[in-house]
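Please open the structure in a viewer and keep the selection panel at hand. The tour below proceeds one selection at a time.

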Protein chains: 2
Amino acid sequence: MKPSFEDLKQELKIKNINLSHQRLKVIEFLTQNRCHPTVDQIFTNLQKDIPTLSKTTVYNTLRTLVASGLVRVITIEDKETRYDIVTENHGHFKCESCGTIFDFPIGIDSMIPGVLSKFVINDKNVYLNGVCPRCLSNLNENK
Amino acid sequence: MKPSFEDLKQELKIKNINLSHQRLKVIEFLTQNRCHPTVDQIFTNLQKDIPTLSKTTVYNTLRTLVASGLVRVITIEDKETRYDIVTENHGHFKCESCGTIFDFPIGIDSMIPGVLSKFVINDKNVYLNGVCPRCLSNLNENK
DNA sequence: ATAATAGTTGTAATAATTATAAGTTTGTAT
DNA sequence: ATACAAACTTATAATTATTACAACTATTAT
């Protein structure tokens, strides 16, 4: 279930995190743009609404949201940290050709082996890399 | 099956990659230290053997080895890229307390859902974060 | 042996992120 | 409403990881 903007505002209140203008805008952006944006993408887009916005604020806000568990960090690729509103168990596929990141459903829990039974697991990520169907067909056309 | 140093030398020859002194040392280090080292750890350790070693060379070598498929990049944590000799399907668990990265066996293929049937998958990673048993028991002792 | 190619090195440049300190905003108690 | 304290934001500077580059060295094939 994808959490709505209102759900998230509620969550923040419960966790005692101030609902500043900038924070709300970051959350709003993440709920409306489920494309796993980078800090830079978030910053550039929000700047249109908030001309005085500082990139440090975007970093600070994301750190707060990640610590509170509302947002997750996606490090599918070296050298580009991305952010995602936390939703159900799902994995990420990154197309090496067009760069798009696709979500896909996956039940990770069932495959965690017994050797880890004494480990406390706080976060689970499944990352795949490859080429998406769209790029595959484009490659074929250009043959 | 963990590839030996000799196996890897053979692989390089087959792939037509020069067996320079520095490259061999990097591979040797990775086979003997399966702790998923960072560039900095590799560099610092090899410097003892090769005083003239440059960090650029470590970066270059790792790029070459990753491109050839002999080494994989581990981006389990933001801001610290790690490297691993490619072995069988396995996942990585990082302890948030002591920082150790543990390998664990996992069969990812069986859980990739049908929606991805038209995607070409080149690389698969499962990353878990949490606390390892050793750190858990230390935390309990200090109560 | 020699030329051509590939690899290495040190330095400089770039890019992402964090630290810091001053200025603003917000919430609370009066 | 007002004033105070705490929290948040901002801009700049500092730090860190990585890449670009050009000169130098080693290696390979003829």
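Select first the lining of the largest pocket, whose residues divide into 12 nonpolar, 9 polar and 15 charged. In this division Ala, Val, Leu, Ile, Met, Phe, Trp, Tyr, Cys and Pro count as nonpolar, Asp, Glu, Lys and Arg as charged, and the others, Gly among them, as polar. The model is predicted: local features need pLDDT of at least 70 and side-chain atom pairs count only at pLDDT 80 or more, whereas totals for chains, interfaces and linings use all residues. Residues are numbered from 1 along each chain as its sequence is written, chains are lettered from A and ligands numbered from 1 in the order in which they are written, and side-chain values use heavy atoms, with hydrogens and water left out.

To centre the view on this pocket, pick Glu77(A), Asp78(A), Val73(B), Thr75(B) and Thr81(B), which lie nearest its centre among the 36 lining residues. A pocket is an open set of points on a 1 Å grid over the protein atoms alone where a 1.4 Å probe fits, with protein on both sides within 12 Å along at least five of seven lines; lining residues have an atom within 4 Å of a point. The volume of the largest pocket is about 1000 Å³, taken as the space filled by probe spheres set on the points, which are joined across faces, edges and corners. Which element gives the most to this lining? It is H4(B), with 6 residues. Helices (H or I, at least four residues) and strands (E, at least two) are DSSP runs, numbered from the N terminus.

Move next to the second largest pocket, with a volume of about 620 Å³. Val66(A), Arg72(A), Val73(A), Asp123(A) and Glu77(B) lie nearest its centre, out of 22 lining residues. The lining of this second largest pocket consists of 10 nonpolar, 6 polar and 6 charged residues.

Now colour chain A by secondary structure, which comes to 5 helices and 5 strands. Followed from the N terminus, its elements run α-α-α-α-β-β-β-β-β-α.

Select the open sheet of 6 strands, ordered E4(A)-E3(A)-E5(A)-E5(B)-E3(B)-E4(B) with mixed pairing. Two strands pair if DSSP finds at least two bridges between them. Strand E4 (101-105) of chain A and strand E4 (101-105) of chain B stand at the edges with a single partner strand each, so one side of each is left without a neighbour in the sheet. On average, neighbouring strands here are turned by 25 degrees against each other, direction ignored.

Within chain A, strand E3 (residues 90-95) runs antiparallel to E4(A), joined by 5 bridges; His92(A) stands opposite Asp103(A) there. In chain B, E3(B) and E4(B) also pair in the antiparallel sense over 5 bridges, and Gly91(B) faces Phe104(B) across that pair. Gly99(B), in the hairpin of these two strands, takes a positive phi near 85 degrees.

Add helix H5 (residues 133-141) of chain A, which lies across E3 and E5 of chain A together with E5 of chain B, at about 15 degrees to E5(A). Such angles run from 0 to 180 degrees between N-to-C directions, with axes fitted to C-alpha atoms, for helices over the stretch in contact.

Finally, display the interface, where 35 residues of chain A are in contact (heavy atoms within 4.5 Å) with 35 residues of chain B. The two chains bury about 2800 Å² between them, 67% of it on carbon and sulfur atoms; buried area is the accessible area (1.4 Å probe) that two parts lose on being put together, summed over both. On the chain A side, select Met111(A), Phe119(A) and Leu128(A), which lose the most area to chain B, together 19% of what that side buries.
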